[in-house]
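Work through the following exercises with the sequence and the model side by side, and attempt each task before reading its solution.

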Amino acid sequence: MSDAQGLVDAHHHVWDLRVRPQPWLDEPGHEPIRRSFGTHALRSAATRTIAGRPLTRTVVVQCIASLPETRDLLALAGGDPLIGAVVGWADLTSPAIGDVLDDLSTGPAGHCLRAVRHVVQGESDPHWLQRPDTERGLRAVGERGLGYDVLIRSHQLPQAIRLAQRLPELPLVLDHAGKPPIARQELTDWAQQLRLLARHSQVRCKVSGLVTEADHEKWTVDDIRPVWDALLSAFGPDRLMFGSDWPVCVLAGGWNRWAATVEELLDDCSDSEIHAVLAGTATAFYRLTPAPTKEETACS
């Protein structure tokens with residue numbers, strides 16, 4: 001099946017604990033995913049289609065603040081036709097950030113690097129994205145034609161809004177919809193801030209990571225629907241993209257259950273709107289090319 005009829009998973013992770021520890025997995029509650037995961041595990045898990053679309057392309061995203069991890073992800077993408085792009089990490093606050101990005105982009109499979117991410121949700125500084133050194137790094141990202149994945153929690157949305165205001169030329173995508181507090185059912189402030197962020201046309205949003213913000217054991221589609229309605233109203237389908245957050249989603253039902261939920265949420269959407277959410281938005285933002293043939297390299 002061609003990519004035009006396929007499904008793009010705009011957010012998944014891989015890690016090999018034999019090669020590189022993932023300290024965040026030591027936190028309580030992560031026991032089910034405290035093991036290595038590669039793309040073969042995703043292929044085995046993602047057996048369900050969404051709107052008749054099977055998984056054809058993915059975007060693999062960094063987990064830890066590690067240049068070696070980013071280089072490993074690029075190498076993986078360079079040899080695996082499932083992966084269409086890499087969201088890597090680099091120290092945005094470093095004076096050498098431009099040189100580092102150039103080195104990544106011109107190194108092995110560097111053409112697969114399409115965006116950068118930092119785990120801002122772990123930063124205690126409420127103005128981290130507005131620090132002068134951070135902004136200098138983000139400008140270097142944009143100058144190289146790369147996007148920026150914004151990983152924050154809901155109370156940090158004002159930082160993302162200021163970022164969008166101050167760097168209007170930098171393509172942004174909000175990971176996991178800004179992590180709305182679904183389990184607490186306290187969505188009012190999140191939805192208000194989301195609408196303010198969505199006013200900035202360079203911002204896209206991932207419909208991902210929502211089930212792990214809900215009650216892991218008891219969530220239903222009805223718990224997710226208010227978030228979906230808010231996202232659709234704020235961004236519209238042309239600025240939303242599906243992501244699984246594999247394998248983190250295993251903590252709250254797994255890839256196939258999330259896929260079934262997304263299909264149900266898309267019930268009232270037109271074919272063109274479904275295409276945007278399931279493939280079109282991610283393809284445009286991450287500049288995905290058609291899946292390569294056996295004679296071509298991945299990410300080509």
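**Exercises on strand 3 and its neighbours**

**Exercise 1.** In this predicted model, find which residue of strand 3 is the bridge partner of V60, and trace how the chain arrives there.

*Solution.* Begin at V60, whose bridge partner in strand 3 is V86. Next, extend the view to the strands themselves: strand 2 (residues 55-61) and strand 3 pair in the parallel sense, over four bridges. Finally, follow the connection, in which the chain leaves strand 2, passes through helix 2 (residues 67-79) and enters strand 3, making a right-handed β-α-β crossover.

**Exercise 2.** Determine which residue of strand 4 is the bridge partner of V87, and describe the link between strand 3 and strand 4.

*Solution.* The bridge partner of V87 in strand 4 is A115. Strand 3 and strand 4 (residues 113-119) run parallel and are joined by three bridges. The path from strand 3 to strand 4 goes through helix 3 (residues 97-106), and this β-α-β crossover is right-handed.

**Exercise 3.** Decide whether strand 3 is largely enclosed or open, and give the reason.

*Solution.* A residue counts as buried when its relative accessible area is under 20%. Six of the six residues of strand 3 (residues 83-88) are buried, and therefore the strand is largely enclosed by the rest of the structure.

**Exercise 4.** Classify G280 as buried, partly exposed or exposed, and locate it in the chain.

*Solution.* G280 belongs to helix 9 (residues 271-285). Its relative accessible area is 22%, so G280 is partly exposed. As a last step, compare positions: G280 and L7 are 273 residues apart along the chain, while their C-alpha atoms are separated by 9.3 Å.

Note on methods. Residues numbered from 1 in each chain as written. Predicted model: local features only at pLDDT ≥ 70, side-chain atom pairs only at ≥ 80, totals over all residues. Heavy atoms only, no water. Helix = DSSP H or I, 4+ residues; strand = E, 2+ residues; numbered from the N terminus. Buried < 20%, exposed > 50% of the residue type's maximum accessible area, 1.4 Å probe, protein only. Pairing = 2+ DSSP bridges. Right-handed = clockwise from strand over helix to strand, strands pointing away.
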